[in-house]
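Me: I have a chain to go through with you. Let us take the packing, then the sheet.

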Amino acid sequence: LPVTTQGSQQTQPPQKHYGITSPISLAAPKETDCILTQKLIETLKPFGVFEEEEELQRRILILGKLNNLVKEWIREISESKNLPQSVIENVGGKIFTFGSYRLGVHTKGADIDALCVAPRHVDRSDFFTSFYDKLKLQEEVKDLRAVEEAFVPVIKLCFDGIEIDILFARLALQTIPEDLDLRDDSLLKNLDIRCIRSLNGCRVTDEILHLVPNIDNFRLTLRAIKLWAKRHNIYSNILGFLGGVSWAMLVARTCQLYPNAIASTLVHKFFLVFSKWEWPNPVLLKQPEECNLNLPVWDPRVNPSDRYHLMPIITPAYPQQNSTYNVSVSTRMVMVEEFKQGLAITDEILLSKAEWSKLFEAPNFFQKYKHYIVLLASAPTEKQRLEWVGLVESKIRILVGSLEKNEFITLAHVNPQSFPAPKENPDKEEFRTMWVIGLVFKKTENSENLSVDLTYDIQSFTDTVYRQAINSKMFEVDMKIAAMHVKRKQLHQLLPNHVLQKRKEGVKLTALNDSSLDLSMDSDNSMSVPSPTSATKTSPLNSSGSSQGRNSPAPAVTAASVTNIQATEVSVPQVNSSESSGGTSSESIPQTATQPAISPPPKPTVSRVVSSTRNAANSGNAATKIPTPIVGVKRTSSPHKEESPKKTKTEEEQLDTETSTTQSETIQTAASLLASQKTSSTDLSDIPALPANPIPVIKNSIKLRLNR
C-alpha cells in the first residue's frame, strides 16, 4: 500500500495488534484533531445520524419485550413437546441484534435487524406458525408478514412504530444460555444451511466490533462515511455499490491501520487508503481460519468464480464470504473516483481550507451525463408495485453488467435512488417507479459512423425479470417494465424539479453539489437508497441526438407491425474529456455464479449502419408480449451551447412510422407525458397471438448512431 508512515510516537506499552498487517501509524491525536472531530460531530447532527437518548431507550424496551415473547414462546413449545420440567425452566431462547443497530451506528427511525435463537427441539416451521401467531396477538405489532421462502427466511413487522426484521436459527443445544457467544464456530456444527446464513449477520457484526482498536472512534467514523456514501449515492448492495456491512469493514480496516487515531483523522485516512488500494486485492480484517465444517468460503485459489470479483471485502466470521460480489466494472469505477474526491476534500478540511459540510454536499447525478437509460416498472396496485419493484431492482445490476460489456460503452452508472414516474394514463389506476442509468460512450479513433444497438441488452434484462416473476408465481398481467433512452435536457419531462434542481448551460459539473434529498435513512436494501454520482468531471458525451421510445401494443392484437426508424444521430466530438477513463469496460468480465442463468438468443453484432427497417421479432423466442408501454422521448433540438467546443453540428432527426391501425392506442400511451414534444416515436415488434401460458418478452429497441 503506497502510504507513508507518519513519525512513530512514543505511545503506551506495546498494544494489541489488530488486522493482518502491522499499523501504518501509531500517532496519537493532536489538539487540532480533537477540534476537527468536534466540528465533524456538529456537522453530522443536522443530518439525523444520531438518535436521541429517549428513542434509544424505547428501542431497548421494545427489544426487551420481544425477547420475553421469544422466551415465553419457547417454553410453550417445550411443554407441547413434553420436555422434562427441569429442562423447560432453563430452556432459554434469546433475541440477538446485528447490522447498524448492533454496531451502534443506526440513524433516527432506522429499522432493527434481529435474530431469534432457539434450542434444537424448536423447528423453523414453529417459528413461522406459532411464533407468527403469537406476534399477531400483540397489540403493538402492525404490518406483520412472513417471507419463508427467502434466501434468508424472515418475519417482518412494525413493533410500536419501529420496523424489525427477525431471522431464525435453531442451534444443536438443549438450552440457550444467556451469555451465549455466537462467535463460537463450534455452534455451526450439524446446522441447516438456512440457520448458518441467519447466524452469519450476528457473527460478522460481533467480529467487526472485536477487531477494532477503539469502538467509539470506529462508530463516529462509520457514521460519517455512511452519510457520505448515501449523500454521494454509492450506498446500495443490491445495485452493485456497497451495503452497510461492507462500509463497516472498510472503516474497521482503516481503524486497524491507524489504531490511535480519532474520527477526523480516520475519515481522511479512509479516503487515503481506499483511493490508493490496488483492487482486486481483498480487504481482510483477520486471517481466514479453516473450521473443517466443509462450508463454502471465499477463496480464489479454490473457486474460479471468486477470481473475478472486482472489489472483494471479506467477512471476518466463518464461513468467510465476499460481501461485494455485486460490484461491477462501472460501480467500482464510480466508487474509486468518489474515494479520490473524498481525499481531495478531506485534504482541504485538514488544511482549514474547507468545512466538513463540503464532504456531505450531494452532487447532481442528472447533470453528470448527456445520455441516460430510464427504466420504468409499473403495476396496477400498490402492493403489487412493491413486489414488482423489489424484483426489478434486484436485477438492474444484470442490465448494468451487459451495458458495460458493450464495446462502445465505457460506463453505465445506475442511480440507486428510485423515483415515482409520471402516470401514463391519468384515468387509469397505476403505480409506477423509475430508475435512471447514466451512460458514457467510448471515444473511438478511426470510424466515421458508429451504430450502437442496445436492444439486446435491454431485452435480455426484461426477459430475465419476466421469467423470474412467472417462475416465482408473482407475475400479474398488468406488471410491466419499460426502457427508453433520454438525453440530459429531456430529463425534466420525467423527473420532479426538486430532483433536477440546478440545470442550465455552462454549469461546471464538478461544482454541482445541490440536493434536497435527505438521505440519512438507514437502509441496506436499497428500496429507495440514494443515487450514486460518478466522479467523471466532464459530462460524458457531446450529443445532439435524441432518444427513441418504444410502445408495446395491447395483448390481443394479432396483426404484425413494422416500424421504419431512422437511427438517432449522436455526435461525439474528439474532446479531451475525463470520460475516457480506462479501457476496462470493454473487457468481458465474467459474472458471478449468483446471476440467474438465462441464456437469451446470441447477441447480434453491432453493425456499422443501423438498418432503416427494424423487424423486432426475435425468432429464437416463440414467446409473446404482454402489453409493456415504453414511453418514448424524442425531440428535435439544437446542441447545448457548451456541448460543441470544436464544431457546430447540423442535425436531422426523422421518424417514419408505418404501422397498422391496431397501434393507435399504444401511440397514445406517450401522449400524456410528451404532449409538449414535437414528435413521439414508437418501435413496435411483431405480435403473434398470445399462447395459453404467455411468457412476456419485451422487444425494446434502443439504437444510437454515433457520428464523427
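Me: Which residues have the most contacts inside the largest nonpolar core?
Reply: This is a predicted model. Its largest nonpolar core has 121 residues. Those with the most contacts inside that core are Phe218, Trp228, Trp247, Trp388 and Ile437.

Me: Which helix gives the largest share of this core?
Reply: The largest share is nine residues. They come from residues 329-350, helix H10.

Me: What does phenylalanine 218 touch, not counting residues up to four places away in sequence?
Reply: Contact here means heavy atoms within 4.5 Å. With those sequence neighbours left out, the partners of Phe218 are Leu103, Ile208, Leu209, Val212, Ala248, Val251, Ala252 and Cys255.

Me: How many residues are in the other core?
Reply: That core lies apart from the largest one. Among its members are Ile74, Tyr101, Ala118 and Leu135. The count is 30 residues.

Me: Which strands stand at the edges of the sheet?
Reply: Five strands form an open, mixed sheet in the order E1-E2-E5-E4-E3. An edge strand has a single partner, so one of its sides is left without a neighbour in the sheet. That applies to E1 (94-98) and E3 (141-147).

Me: In E4, what is the bridge partner of arginine 145?
Reply: E3 pairs with E4 (residues 154-159) in the antiparallel sense, over five bridges. Across this pairing, the partner of arginine 145 is lysine 156.

Me: At about how many degrees does helix H2 run to E5?
Reply: H2 spans residues 53-80. It lies across E1, E2 (112-118), E4 and E5 (162-170). Its angle to E5 is about 35 degrees.

Key:
Residues are numbered from 1 along each chain as its sequence is written. This is a predicted model: local features need pLDDT of at least 70, side-chain atom pairs count only at pLDDT 80 or more; totals for chains, interfaces and linings use all residues. Side-chain values use heavy atoms; hydrogens and water are left out. Two strands pair if DSSP finds at least two bridges between them. Helices (H or I, at least four residues) and strands (E, at least two) are DSSP runs, numbered from the N terminus. Axes are lines fitted to C-alpha atoms, for helices over the stretch in contact, and angles run from 0 to 180 degrees between N-to-C directions. A nonpolar core is a set of buried Ala, Val, Leu, Ile, Met, Phe, Trp, Tyr and Cys residues joined through side-chain atoms within 4.5 Å. Buried means under 20% relative accessible area, exposed over 50%, partly exposed in between (1.4 Å probe, protein chains only).
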